[in-house]
Every structure is written in C-alpha cells, then in structure tokens.
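Trainee: Before we begin, could we go through this structure step by step, with the reasoning behind each reply spelled out?

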Amino acid sequence: EASLIGVEHLYRYFGTHCAVNGISFEVRRGEVLGFLGPNGAGKSTTMRMLTGNLAPSAGRITVGGIDLLEHPKRAKAAIGYLPEQPPLYRELTVNEYLTYCARLHRIERARIPAALAAAKERCGLTESGDRLIGNLSKGYQQRVGIAQAIIHSPDVVVLDEPTVGLDPIQIREIRALIRELGGEHSVILSTHILPEVQATCDRVQIIHQGELVVSDTIAGLEQRM
Ligand code: ADP
Ligand code: ADP
C-alpha cells in the first residue's frame, strides 16, 4: 500500500489562533479517508492546504513524491477539489461548465469530449449535459461538483462536506458515488457526520481543535464506541 500523500507537521495560524496544530498523516493510493470532526475543528483549513488553496504556516505536503509548496502546478495536477461552498455557475449548462473546468486544467482540446463523457458517466450525468446547472436539484448540482473534481483524472479527490444541505435520498446517492470513486482515486472526505464516514470510508482520522486525536479503520473506530 504505497502512500500517495504525505503530510508532515502541518500548521496553520490565523493571527494568534492556531487552526491546525502540527498534524501528520498519510493517504494511501485508492483509499477513502475520512476526516471527521466538529465545526471549527480545522477540517476545511486542512483541505484548503492539501489542495494548494491556502498556504500552511509551517509543514510539508507531498503528492506522489512531489512537494506541493515547491511545485504547486505539478502537484495540483494530481488533485481534484470540491470545496464546501463551491461557486455555482447557474447560468451554464453542465457541458459548458465542465468544458470550462477542463480548459482550466489545460486538458488538450481534442481530449475534452472524452474527459467530459467519462466524468459525466461516473457521476450519473450522462443525460444531463444540456441542463442548466441552476435548474438542477441540489443533489445533481453536487454531482456536477464531483464531476469537475475528477475531470482531469486526478490521483486524489478532496471532498469537503459533500452532502450538507441534501435530502436523505440525495445523501444516499452521493455517498454511493463517493464509495465508487475509491479504488480509482484516493478520496479525502471531510465531514462532521459519523454515519457519512461509516458509509463511505476505509479509514478515519478524527480532528479536534486542530489536532488529530484518532486514526483508525472504520471497524476499529466502531470497536471504540
Ligand atoms: P472546520 O472546517 O472543521 O469547521 P475550519 O478549518 O473552517 O474548521 O476552521 C478552523 C478554525 O480556524 C475555526 O476556529 C475558524 O474560525 C478558524 N478560521 C478558519 N478560516 C479562517 C480565516 N480565514 N481567518 C480566521 N480564522 C479562520
Ligand atoms: P466551515 O463551515 O468549514 O466551518 P466557515 O463557515 O467557518 O467554514 O468559513 C467559511 C469561510 O470563511 C472560509 O473561507 C474560512 O476560511 C473563512 N473563515 C472562517 N472563520 C473565519 C474567521 N474567524 N475570520 C475570518 N474568516 C473566517
């Protein structure tokens, strides 16, 4: 089980407030890793640093052996990210939006249709390419968010609170989709919901006040409860 991401002694301060307090962990190839903790624990701050969207105060992050801080472009090519509150391009169709995302990732023009088809197929959006994003249900908007996160076939997909605001049926569908992403990608799932971790993850890390307090398999976690 080769490790794909290495995080060493990662810190983030906001002024004097320490949001992430020296965490270290690894993410293995193809696993779904849960990042579980209450509001304010430091999950989003960690996800933003892992995806190259926020500079750490200190520490090291490597992706496939590449240092994210020294080679951000190369490392970020291996990362897909669905933030907690992604920008919603309501006035674009699914195809228009995913084409735009593919271009941002510098996917060769000739390869864009195949990339779109694969991402839509994976996310259950094959029939939805011409729909306006603003007219989709929240569950389908979240599928579009996941599709943009995998459009460039990243090694790792980071999903921040991906089922917040969805109804129970949408939650079940999105969790099944997350489960399916594992194996093909490493997935890091940030959530405050224990059942979400139980339904989707191979392993879990609990973050509390910026520190990792538990790192275990799901079975191991359940034995602790
Ligand atoms: P979580 O995602 O687990 O809810 P966050 O990572 O969003 O937690 O926040 C961790 C802590 O850092 C919280 O106390 C939050 O208020 C603080 N924080 C996050 N972002 C900022 C910021 N940009 N400026 C100041 N404080 C922040
Ligand atoms: P979460 O829902 O993950 O806890 P928040 O709602 O706390 O995230 O934060 C949303 C945005 O506001 C993020 O970009 C975060 O970095 C920023 N933020 C959070 N807390 C603070 C804070 N105390 N001061 C300034 N910005 C903050």
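Mentor: Let us settle one term at the outset: a residue is near a molecule if one of its heavy atoms lies within 4 Å of it. Bear in mind also that this is a predicted model.

Trainee: Which element gives the most residues to the shell around ligand 1?

Mentor: The residues that surround ligand 1 include Phe14, His17, Ala19 and Pro38, and among them is also the run Lys43, Ser44 and Thr45. Two elements, strand 2 (17–28) and helix 1 (43–50), each supply at least two residues of this shell. With three residues, the element that gives the most is helix 1.

Trainee: By class, how many residues of the shell around ligand 1 are nonpolar, polar and charged?

Mentor: The count rests on a convention in which Gly is placed among the polar residues, and Gly40 and Gly42 are both part of the shell. By class, the shell then has four nonpolar, six polar and one charged residues.

Trainee: What share of the area that ligand 1 exposes when taken alone does the protein bury?

Mentor: Consider the polar contacts before the area: an oxygen atom of ligand 1 is 3.2 Å from an N or O atom in the side chain of His17, and an oxygen atom of the ligand is 2.9 Å from a polar backbone atom of Lys43. A polar side-chain atom of Thr45 lies 2.6 Å from an oxygen atom of ligand 1. Taken alone, ligand 1 exposes 560 Å², and the share of this that the protein buries is 61%.

Trainee: How many of the residues of helix 1 are buried?

Mentor: Buried here means under 20% relative accessible area, with protein chains only as cover. Lys43, Thr45, Thr46, Met47, Met49 and Leu50 meet that criterion in helix 1. The helix is thus mostly covered, and of its eight residues the number buried is six.

Trainee: Why is strand 7 largely enclosed by the rest of the structure?

Mentor: In a regular strand the side chains alternate between the two faces of the sheet. In strand 7, Val156, Val158 and Asp160 are buried on one side, and Val157 and Leu159 are buried on the other. Strand 7 is largely enclosed because the number of its five residues that are buried is five.

Trainee: What is the handedness of the β-α-β crossover from strand 7 to strand 8?

Mentor: Strand 7 and strand 8 (residues 186–191) run parallel and are joined by five bridges, and the bridge partner of Asp160 in strand 8 is Ser190. Between these strands the chain passes through helix 6 (residues 168–181), and the crossover is right-handed.

Technical notes
Residues are numbered from 1 along each chain as its sequence is written. Chains are lettered from A and ligands numbered from 1 in the order in which they are written. This is a predicted model: local features need pLDDT of at least 70, side-chain atom pairs count only at pLDDT 80 or more; totals for chains, interfaces and linings use all residues. Side-chain values use heavy atoms; hydrogens and water are left out. A polar contact is a pair of N or O atoms within 3.5 Å; within protein, one must be able to donate a hydrogen and the other to accept it, and residues adjacent in sequence count only if both atoms are side-chain atoms. Accessible areas come from the Shrake-Rupley method with a 1.4 Å probe; for residues, only the protein chains shown count as cover. Helices (H or I, at least four residues) and strands (E, at least two) are DSSP runs, numbered from the N terminus. Buried means under 20% relative accessible area, exposed over 50%, partly exposed in between (1.4 Å probe, protein chains only). Two strands pair if DSSP finds at least two bridges between them. A crossover is right-handed if, with the strands pointing away from the viewer, the path from the first strand over the helix to the second runs clockwise.
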